[in-house]
Amino acid sequence: MDDVQVGALVEEMTSRGLTVATAESLTGGGLVARLVDVPGASHVVRGGACTYAVDTKCSVLGVSSDRLALTGPVDEQVARQMAEGTRRLFGASMGLSTTGVAGPGPADGYPAGTVHIACAHERGTEHRLLHLEGDRAQVRQGTIDAALALLRDVLDFSGDLRGD
């Protein structure tokens, strides 16, 4: 997503009174950094939690330790719980999460490029499974773009979402 598209996303969220927070693993803070690259982001970005270590997904975001023990961090439910946890933690209208394998090689039994993203909002939590190609930087950038696209889709399909 280019600056114009991210700027339009921030402007729309501002006009609707919505806020966002991020919970990041493989993107390491890149998602929240991408949001704050554009002017006006301070009106919508509540914060971001970089929970790169597995145990911080539990201690910071409230992800189920049982789930993590069962599946590891590369999992749909973990992504959903991360998004919901950051939404609660920062008191945001919406929570975005990223978890997966950036590479260069496989991890936790999954090939590089296997990524889960999620967007939590007042009506529920949307999820997408990605299979991205490329090197580590390309997988991370693709994840950031996909997470922002997911946020855009949630806004488009939930037109009456409004902030407090």
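Let's start at Cys 58, which is in contact with Val 63, Ser 64, Ser 65 and Leu 68 once its neighbours within four places in sequence are left aside. Please keep in mind that this is a predicted model. From Cys 58 the tour goes on to two nonpolar cores, a pocket, a strand with polar contacts and a loop with a cis peptide bond.

**Helix H3: Cys 58 and Ser 59**

- Cys 58 has its place in helix H3, and so does Ser 59.
- Is Cys 58 buried, partly exposed or exposed? With a relative accessibility of 23%, Cys 58 counts as partly exposed, because the buried class ends under 20% and the exposed class begins over 50%.
- Ser 59 has a relative accessible area of 60%, so this residue counts as exposed.
- If you want to get a feel for distances, the C-alpha atoms of Cys 58 and Ser 158 are separated by 29 Å, and the two residues are 100 residues apart along the chain.
- For Ser 59 and Gln 141, which are 82 residues apart along the chain, the C-alpha separation is 27 Å.

**The nonpolar cores**

- The largest nonpolar core has 30 residues, and Met 13, Val 20, Met 94 and Leu 151 are the ones that touch the most other members.
- Which elements each supply at least two residues of this core? They are helix H1 (3-16), helix H2 (30-36), S3, S4 and helix H6 (136-157).
- H6 gives the largest share of this core, with nine residues.
- Another core lies apart from it and has seven residues, among them Ala 49, Leu 68, Val 78 and Met 82.
- As background, nonpolar side chains tend to be buried together in soluble globular proteins.

**Met 82 and its surroundings**

- Met 82 sits in helix H5 (residues 76-90).
- The relative accessible area of Met 82 is 0%, so Met 82 is buried.
- Not counting residues up to four places away in sequence, Met 82 touches Ala 23, Glu 24, Ser 25, Thr 51, Lys 57, Leu 61, Val 63, Ser 97, Thr 98 and Thr 99.
- Met 82 and Gly 113 are 31 residues apart in sequence, and their C-alpha atoms are 19 Å apart in space.

**Gly 72, between two helices**

- Gly 72 is found in the loop between helix H4 (65-71) and H5.
- Gly 72 counts as buried, because its relative accessibility is 12% and the buried class covers values under 20%.
- Arg 67 and Val 78 are in contact with Gly 72, leaving aside neighbours within four places in sequence.
- Val 54 is 18 residues from Gly 72 along the chain, and their C-alpha atoms are separated by 8.0 Å.

**Strand S5: Thr 125 and His 127**

- Thr 125 is found in strand S5, which spans residues 124-131 and also holds His 127.
- Thr 125 is buried, with a relative accessible area of 15%.
- What joins the side chains of Thr 125 and Glu 84? A polar contact of 2.7 Å joins them.
- Beyond its neighbours within four places in sequence, Thr 125 is in contact with Arg 80, Glu 84, Ala 118, Cys 119 and Ala 120.
- The side chain of His 127 makes a polar contact with the side chain of His 116, at 2.7 Å.
- His 127 touches Glu 76, Ala 79, Arg 80, His 116, Ile 117 and Ala 118, not counting residues up to four places away in sequence.

**The largest pocket**

- The largest pocket holds about 200 Å³ of space.
- Its lining is made up of 15 residues, and Ser 25, Tyr 52, Gly 100, Val 101 and Asp 108 lie nearest its centre.
- Helix H3 (54-59) and S3 are the elements that give two or more residues to this lining.
- By class, the lining has eight nonpolar, four polar and three charged residues.

**The loop between S3 and S4**

- Asp 108, named above for the pocket, lies in the loop between S3 and S4.
- Asp 108 has a phi near 55°, which is a positive value in a residue other than glycine.
- Asp 108 is exposed, with a relative accessible area of 53%.
- Pro 104 has its place in the loop between strand S3 (94-100) and strand S4 (114-121).
- The peptide bond from Gly 103 to Pro 104 is cis, with omega near 20°.

Methods
Residues numbered from 1 in each chain as written. Predicted model: local features only at pLDDT ≥ 70, side-chain atom pairs only at ≥ 80, totals over all residues. Heavy atoms only, no water. Helix = DSSP H or I, 4+ residues; strand = E, 2+ residues; numbered from the N terminus. Buried < 20%, exposed > 50% of the residue type's maximum accessible area, 1.4 Å probe, protein only. 1 Å grid on protein atoms, 1.4 Å probe; cavity = no way out; pocket = protein on both sides within 12 Å on 5 of 7 lines; lining within 4 Å. Points joined across faces, edges and corners; volume = space filled by probe spheres on them. Nonpolar A, V, L, I, M, F, W, Y, C, P; charged D, E, K, R; others polar. Polar contact = N/O pair within 3.5 Å; in protein donor to acceptor, adjacent residues only side chain to side chain. Contact = heavy atoms within 4.5 Å. Core = buried A, V, L, I, M, F, W, Y, C linked by side-chain atoms within 4.5 Å.
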